[in-house]
Amino acid sequence: MIIDSKNIEEAKLIELANPKNKEILEIGCGSGRQAFLLAPFCTKYVATDTNNDVIKSNKSKITKKLSKKLEFSVANGEKLPYSSNSFDTVLMTLCLHEIPIQKQGIVLQEIHRVLKNKGQLLIIDPTEPPDQVQSAFNVVYDNFQFFDHSTVVKHSMWAIKKAISNNLFKINKLSTYKLDWKFDNLKEFVDFIIDCSKDINWDKNKRQFLEKELIKIAKIKNINNSVIIYDGLTVNNLIKIK
Ligand SMILES: C[S@@+](CC[C@H](N)C(=O)[O-])C[C@H]1O[C@@H](n2cnc3c(N)ncnc32)[C@H](O)[C@@H]1O
């Protein structure tokens, strides 16, 4: 399985963050995909996550060349261990909507604190209504986990609007882009989605139901052909107001 087979993410992130001479903080870096793409182009890149395991694994992948500017650290967006006014840019990709609804405002206030005056906040979250990638995950959320993902995404949009109306940030630009996800065939696609939700007891019926829904979402005509689905992302490009 390949995410972003046409390699557009790096150019997109560079266009959005304009990283030259910047000190960037990332919150919720996960496997570090964006950190490894952007760090070579900026002065300093601090990538954080609450998950100790991903941070440990990312640290082990830092090359000697990047070791002076790229740092991975365990930190919670609700209470960032950094001084006020210390970063030019804060990046959050697919993270704000994962933070409990009642904590999102606190995280946005913390980001405002650590950003320099007129600093940039880039929040990248799934589009709403969802594109194909999110729709594939929603089959599992809606039918087996009884979790309304669209509601949490809408709430994170609301939390951003609230931070804007509270004069923490103003909008520089709102935009969207798409990344492709490519699988060798339907089986690889189904196995991937199942692998992402190990808490479910995947019996034959559930697997067949998932398979039928994924065929519809990806508009699959031949189950042996490669499958390409698109991940629509919304970019909230914001500027800190003093
Ligand atoms: C869906 S992953 C996205 C990872 C990566 N940014 C990407 O786009 O592939 C969300 C990440 O946010 C992290 N996270 C959730 N709540 C957080 C918080 N309060 N502070 C920092 N990271 C958090 C999770 O541990 C997870 O790694």
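Helices and strands are taken here as DSSP runs, numbered from the N terminus, with a helix holding at least four residues and a strand at least two. With that in hand, Asn85 can be placed in the loop between strand E4 (70–74) and strand E5 (87–93). The model is a predicted one, and Asn85 is a good residue with which to begin a tour of it. Phi of Asn85 is near 55°, a positive value in a residue other than glycine. Asn85 counts as partly exposed because it has 13 C-beta neighbours inside 10 Å, a count that falls between the limits of 12 or fewer for exposed and 20 or more for buried.

Asp4 also has a positive phi although it is not glycine, with a value near 65°. Asp4 belongs to the loop between strand E1 (2–3) and H1, and with 17 other C-beta atoms within 10 Å it is partly exposed. Helix H1 itself covers residues 9–17 and includes Ala11. Is Ala11 buried or exposed? Ala11 is exposed, since 10 other C-beta atoms lie within 10 Å. Ala11 and Gly28 are 17 residues apart in sequence, and their C-alpha atoms are 21 Å apart in space.

Gly28 leads on to the ligand. Among the 17 residues around the ligand, those that come nearest are Gly28, Gly30, Gly77, Thr93 and Leu94. Sorted by class, this shell consists of 6 nonpolar, 7 polar and 4 charged residues. From the UniProt record, an unreviewed entry, comes the annotation "domain: Methyltransferase type" for residues 25–123. In the model, this span is 28% helix and 30% strand, and its end C-alpha atoms lie 12 Å apart.

The next topic is the interior. The largest nonpolar core has 43 residues, and Ile24, Leu38, Tyr45, Val90 and Leu121 are those with the most contacts inside it. Strand E6 (residues 115–126) supplies the largest share of this core, 5 residues. Apart from this core lies another, of 14 residues, including Val133, Ala136, Val140 and Phe183. What does Ile24 touch, leaving aside its neighbours within four places in sequence? Its contacts are Ala17, Pro19, Leu38, Cys42, Tyr45, Phe87, Asp88, Thr89 and Leu91.

Further along the chain, a cis peptide bond joins Glu128 and Pro129, with omega at about 5°. Pro129 is found in the loop between E6 and H5.

Another loop, between helix H6 (149–165) and E7, holds Leu168. Leu168 is buried because 21 other C-beta atoms lie within 10 Å, and the cut-off for that label is 20 or more. Once neighbours within four places in sequence are set aside, Leu168 is in contact with Leu108, Gln109, His112, Ala163 and Ile241. The contact with Gln109 joins residues that are 59 apart along the chain, with C-alpha atoms separated by 7.6 Å.

Helix H7 (residues 186–195) rounds off the tour. Which of its residues are buried? They are Phe189, Val190 and Ile193. Seen down the axis of H7, these buried residues fall within an arc of 95°, so they line one face of the helix. An α-helix has 3.6 residues a turn, so residues three or four places apart point the same way. The buried residues of H7 pack against two helices, H5 (132–145) and H8 (204–217), and against two strands, E7 (169–183) and E8 (227–240).

Terms used: Residues are numbered from 1 along each chain as its sequence is written. This is a predicted model: local features need pLDDT of at least 70, side-chain atom pairs count only at pLDDT 80 or more; totals for chains, interfaces and linings use all residues. UniProt positions are given in the numbering used here, feature names are shortened, and annotations may be inferred rather than shown by experiment. A residue is near a molecule or strand if its C-beta atom, placed from the backbone, lies within 6 Å of it. Ala, Val, Leu, Ile, Met, Phe, Trp, Tyr, Cys and Pro count as nonpolar, Asp, Glu, Lys and Arg as charged, and the others, Gly among them, as polar. The arc is that of the directions from the helix axis to the C-beta atoms. Two residues are in contact if their C-beta atoms, placed from the backbone, lie within 7 Å. A nonpolar core is a set of buried Ala, Val, Leu, Ile, Met, Phe, Trp, Tyr and Cys residues joined through C-beta atoms within 7 Å.
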